[in-house]
Amino acid sequence: MVDVTRARSFEGIGEEYDLYRPGFPERAADIIVSESVVTVLDLGAGTGKFTSLLVGRASRVIAVEPSAPMLAVLARNLPTVSAQPGTAERIPVPDGSVDAVSVAQAFHWFDRDAASAEIARVLVPGGALGLLWNRADPACAWDLACHRVAHPAVDAADETSASAAELPGFVLEAHEEVHWTERITREAYLRRWGTVSSFLVADDAERAAMEASLEAVLDGADETRGKADFDLPHLTDVFRYRRA
Ligand SMILES: C[S@@+](CC[C@H](N)C(=O)[O-])C[C@H]1O[C@@H](n2cnc3c(N)ncnc32)[C@H](O)[C@@H]1O
């Protein structure tokens, strides 16, 4: 069941999200967009972090996103993309009009059955659906500890695989884990957590407690203690489906 308050928590932010959230590796777009793709649609596109990798890979790129502040940043950063307000459950494009759909870090916010049916409607027969999520690299204990501060009840890998299990109307064709590393400042790392849904819906006291816990994790790990910047390993899970 989707937590609607948290799903809608992104309605208020745009600039901070764009500044502090991580991007995605080029390899993720290669897995989803083959050379035959002419039109690709990025759903729940946010400020365009993944959409930017689609530009140049397909002749026509459409981005659909319900949050007006997010979509405004996307339209400013990616002027060649057709940026349209809309949701996964009601995609504002005609039947059978796109060759591929991508969903980066967002499918778990959708009404799964309604969104699957809508995505199948807009795809051409045999069209591709790519679902992807960045998650903590299990080898990085301090980042995992920070993820547990933000999402105490959820194991990141479990959330991803549960979201990406069987989808009605689709066949799973490929799953790849892409490892990559980002150099990040301590300040940007801490501010990134402020753009995560559990921080956005928290009250001031809860947010202050979570921030103190994050600082304690960074002060306790050899890789981060006393450092202004450090390497942050990422793992991006990419699932490619084919419309049945
Ligand atoms: C974590 S952000 C990911 C944004 C972007 N894809 C990225 O990777 O940077 C989740 C996005 O899903 C959007 N979203 C939430 N519910 C949605 C829905 N039902 N349909 C489409 N997008 C939705 C939010 O507004 C937000 O932009």
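Biologist: Which residues surround the ligand most closely?

Modeller: The closest are Gly44, Gly46, Lys49, Ala104 and Ala106, among 21 residues that surround the ligand. A residue counts as near if its C-beta atom, placed from the backbone, lies within 6 Å. This is a predicted model: local features need pLDDT of at least 70, side-chain atom pairs count only at pLDDT 80 or more, and totals for chains, interfaces and linings use all residues. Residues are numbered from 1 along each chain as its sequence is written.

Biologist: What makes H7 roughly antiparallel to H11?

Modeller: The axes of helix H7 (residues 141-150) and helix H11 (residues 204-220) cross at roughly 170 degrees and come within 9 Å. Angles over 145 degrees count as roughly antiparallel, so H7 is roughly antiparallel to H11.

Biologist: Which residues of H7 and H11 meet?

Modeller: Trp142, Ala145, Cys146, Val149 and Ala150 in H7 meet Met210, Ser213, Leu214, Val217 and Leu218 in H11. Contact requires C-beta atoms, placed from the backbone, within 7 Å. This contact divides into nine nonpolar residues, one polar and no charged.

Biologist: Why are S3 and S6 called edge strands?

Modeller: The open sheet has seven strands in the order S3-S2-S1-S4-S5-S7-S6, with mixed pairing. Strand S3 (82-85) and strand S6 (170-185) each pair on one side only, so they are the edge strands. Two strands pair if DSSP finds at least two bridges between them.

Biologist: How do you know that S1 and S2 pair?

Modeller: Five bridges join strand S1 (residues 39-43) to strand S2 (residues 60-65), running parallel. Pairing needs at least two bridges, so S1 and S2 pair. Leucine 43 stands opposite valine 64 in S2.

Note on methods:
Axes are lines fitted to C-alpha atoms, for helices over the stretch in contact, and angles run from 0 to 180 degrees between N-to-C directions. Helices (H or I, at least four residues) and strands (E, at least two) are DSSP runs, numbered from the N terminus. Angles under 35 degrees count as roughly parallel, over 145 as roughly antiparallel, 65 to 115 as roughly perpendicular and the rest as oblique. Two residues are in contact if their C-beta atoms, placed from the backbone, lie within 7 Å. Ala, Val, Leu, Ile, Met, Phe, Trp, Tyr, Cys and Pro count as nonpolar, Asp, Glu, Lys and Arg as charged, and the others, Gly among them, as polar.
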